[in-house]
Amino acid sequence: MKSAIQNQSRKIKNSREDVIFEIVTRIVLVLACLIVLYPLYFIVIASISNPDYVLAGKLWLFPRDVTFSGYRKIIKFENLINGYKNSFFYAIVGGTLSATLTLFAAYPLSKDDFSGRKPFTIFLLITMFFQGGMIPLYIVVNKLGLRNTPYVLLIVNGIQVWNLLVTSSYFRTNRIDSLSEAAEIDGCSHFGYFFKILLPISKPIVITMLLFYGVWQWNDFFRAMIYLDKPDYQPLQIVLKDLLASSQVSSAIYDLMENQEALNEMLRASEQIKYGVIVIATLPMMIIYLIMQNYFVQGITMGSVKG
């Protein structure tokens with residue numbers, strides 16, 4: 001009987017429709033990967049290639065006349081190191097603070113016996129769709145004395161409701177009620193249960209929240225542009241924006257300049273700096289994602305099972 005079942009399974013696996021479906025699926029996935037990865041690959045090779053080939057549209061698969069002059073120009077920019085330090089500070093400290101607050105808030109919302117669970121959830125959901133607006137928030141930040149301080153990027157929008165709901169869903173999926181009851185019988189407090197039992201078994205969602213908030217802080221541009229004027233506190237994204245703006249050749253400059261050779265040199269430098277800036281801004285977070293991708297997938301899949 002076992003041999004009959006095995007033969008039947010082999011016939012199903014080797015059916016023509018399944019083979020065609022598998023081939024088509026693999027082809028589609030390969031094409032999707034190429035569509036996603038090629039722009040990233042092009043940015044990398046364009047940043048180290050002779051800009052003449054990039055401007056002429058002759059760069060496709062491999063770098064040509066490899067040069068790192070664009071990166072040397074970027075490194076010489078005086079505010080770059082400071083921007084890197086600030087971005088790492090906001091990503092690490094801000095991401096950790098936001099993830100910690102999210103985990104603390106998600107714990108009671110995941111418990112069915114929490115009496116205020118439903119009203120608090122509704123209140124939080126309302127804030128996802130209705131907000132006071134940018135101008136009132138700016139006035140509040142300014143009145144509190146947070147403007148032009150590093151704390152503004154750590155506090156303003158410190159918790160994102162969607163991340164809070166995903167974390168709460170993850171806790172509910174892990175059936176924490178039974179574990180909580182067992183811990184209470186053994187005399188464990190809520191804080192003891194949270195730190196000694198819940199967090200160790202919820203490592204995927206903890207790392208996922210750290211990634212979410214860390215990457216969000218790293219890529220955030222708008223809040224820094226609105227609230228920070230002092231270069232000492234500006235993150236990398238603002239520094240790179242200033243660097244890119246200073247290297248661009250406007251149409252007015254193009255018409256006024258008589259030295260064509262100097263103009264071409266400015267265009268070439270601008271092209272190299274543009275692609276180099278993209279690489280510098282994205283490389284750290286891409287490396288972190290590659291290292292933490294297993295925890296990231298587990299946290300998202302388990303956190304999306306149950307609301």
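Rings of Phe, Tyr and Trp (for Trp, the six-membered ring) count as a pair if their centres lie within 6.5 Å. By that rule this predicted model holds nine aromatic pairs.

**View 1. Phe88 meets Trp218 edge-to-face.** The ring centres sit 4.9 Å from each other, with 65 degrees between the planes. This pair ties together distant parts of the chain: Phe88 belongs to helix H5 (residues 80-109) and Trp218 to helix H12 (residues 203-219), 130 residues apart. Phe88 is partly exposed at 35% relative accessibility, while Trp218 is buried at 0%. Add Tyr84 and you have one aromatic cluster of Tyr84, Phe88 and Trp218.

**View 2. Phe89 and Tyr90 make another aromatic pair.** Here the centres are 5.6 Å apart and the planes stand at 65 degrees, so this one is edge-to-face. Phe89 comes out partly exposed, at 36% relative accessibility, whereas Tyr90 is buried at 2%.

**View 3. The largest pocket offers about 600 Å³ of space.** Its lining runs to 21 residues, and Thr127, Gln131, Leu137, Asn157 and Ile159 are the closest to the centre. Helices H6 (117-129), H7 (134-143), H9 (161-173) and H13 (222-227) each chip in at least two lining residues, with H6 giving the largest share, four. By class, that lining is 13 nonpolar, six polar and two charged residues.

**View 4. The second largest pocket has a volume of about 250 Å³.** Of its 13 lining residues, Ala91, Leu210, Leu211, Gly214 and Ile288 lie nearest the centre. H5, H12 and helix H16 (260-303) are the elements giving two or more residues to this lining. Its make-up is 10 nonpolar and three polar residues, with no charged ones.

Note on methods: Residues are numbered from 1 along each chain as its sequence is written. This is a predicted model: local features need pLDDT of at least 70, side-chain atom pairs count only at pLDDT 80 or more; totals for chains, interfaces and linings use all residues. Side-chain values use heavy atoms; hydrogens and water are left out. Rings of Phe, Tyr and Trp (its six-membered ring) pair if their centres lie within 6.5 Å; planes under 30 degrees apart count as stacked, over 60 as edge-to-face and the rest as tilted. Buried means under 20% relative accessible area, exposed over 50%, partly exposed in between (1.4 Å probe, protein chains only). On a 1 Å grid over the protein atoms alone, a cavity is a set of points where a 1.4 Å probe fits but cannot get out, and a pocket is an open set with protein on both sides within 12 Å along at least five of seven lines; lining residues have an atom within 4 Å of a point. Grid points are joined across faces, edges and corners, and a volume is the space filled by probe spheres set on the points. Ala, Val, Leu, Ile, Met, Phe, Trp, Tyr, Cys and Pro count as nonpolar, Asp, Glu, Lys and Arg as charged, and the others, Gly among them, as polar.
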